[in-house]
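Please open the structure in a viewer and keep the selection panel at hand. The stops below proceed from helix packing to the chain interface and then to a pocket.

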Amino acid sequence: MIYDSMMKIVIFSIISILFILILKPNSPHISSIVMLLASVMIFLFITPFLEQIVLFFNSFSSYMNYKTLYIDIVLKIICISYICEFGAEICKDAGINSIATKIELGGKILIMCLSLPIISEVLKTVMTIL
Amino acid sequence: MGTTMDINIIFQIAAVGILISVFNQVLSKAGRDDQAMLTSLVGLVVVLFWVIQYINELFTTVRTMFGM
């Protein structure tokens, strides 16, 4: 089943690359939209597998002490970074690198905001040791 | 939608793109550059309407999966 899925992804991307290259010289806008749609569809195809992994980590963290693992914050950071990279890659494919770097900066700052509880916990631990 | 990658939407968008580029070239050869520009704009908007629901589905899926 996993082999079939990988093959489906490769064939799907080959067909979409064909259309992107056909459309690129005459209508570049629609070509970039096909590019966007192909990446969205591949991610939507991957989601059940990714959901298995996320459920595994959630069940694993319930065995351990939930609070010390901070698995929920890590999952949220993965979510933010995936969406950030998605937007940045689209901007880079369209050839606009300045907005791509701004998207990456926004993603970094949001991840920093999300990880503030962990940082404060680390600082508190250090203060109790000292 | 959902778990299946349907290639049909790629085919549809490619067909629209090829048609739009043919119209664009015919109209610009006939000297109607403003109509050619409008045609490409309309094609872009139509394709964007098809794509935008997939993007919405992607964002809602990511949000529900990671529990945001």
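Select helix H1 (residues 2-23) of chain A together with helix H1 (residues 8-29) of chain B: the two pack at an angle of about 10°, with their axes 10 Å apart. Axes are lines fitted to C-alpha atoms, for helices over the stretch in contact, and angles run from 0 to 180 degrees between N-to-C directions; helices (H or I, at least four residues) are DSSP runs, numbered from the N terminus. H1(A) and H1(B) are therefore roughly parallel to each other (angles under 35 degrees; over 145 counts as roughly antiparallel).

The model is predicted: local features need pLDDT of at least 70, side-chain atom pairs count only at pLDDT 80 or more, and totals for chains, interfaces and linings use all residues. Residues are numbered from 1 along each chain as its sequence is written, chains are lettered from A and ligands numbered from 1 in the order in which they are written, and side-chain values use heavy atoms, with hydrogens and water left out.

Next, display the side of H1(A) that includes Phe12(A), Ile15(A) and Phe19(A); the residues met in H1(B) include Phe11(B), Ala14(B) and Ile18(B) (contact means heavy atoms within 4.5 Å). This contact comprises nine nonpolar, two polar and no charged residues.

Now keep H1(B) and add H2(A): their axes come within 10 Å and cross at roughly 175°. That makes H2(A) roughly antiparallel to H1(B). Val34(A), Leu37(A) and Met41(A) are among the H2(A) residues here, with Ile9(B), Ile13(B) and Ile20(B) among their partners in H1(B).

Widen the selection to both chains: 31 residues of chain B are in contact with 35 residues of chain A. The buried area is about 3,100 Å², with carbon and sulfur atoms giving 89% (accessible area, 1.4 Å probe, that two parts lose on being put together, summed over both). Within chain B, highlight Met5(B), Met65(B) and Phe66(B), which lose the most area to chain A, together 25% of what that side buries.

Finally, turn to the largest pocket, which holds about 380 Å³ of space. Of its 18 lining residues, Met35(A), Leu36(A), Ser39(A), Ile90(A) and Asp93(A) are the closest to its centre (a pocket is an open set of points on a 1 Å grid over the protein atoms alone, where a 1.4 Å probe fits, with protein on both sides within 12 Å along at least five of seven lines; lining residues have an atom within 4 Å of a point). H2(A) gives the largest share of the lining, seven residues.

How values were computed:
Angles under 35 degrees count as roughly parallel, over 145 as roughly antiparallel, 65 to 115 as roughly perpendicular and the rest as oblique. Ala, Val, Leu, Ile, Met, Phe, Trp, Tyr, Cys and Pro count as nonpolar, Asp, Glu, Lys and Arg as charged, and the others, Gly among them, as polar. Grid points are joined across faces, edges and corners, and a volume is the space filled by probe spheres set on the points.
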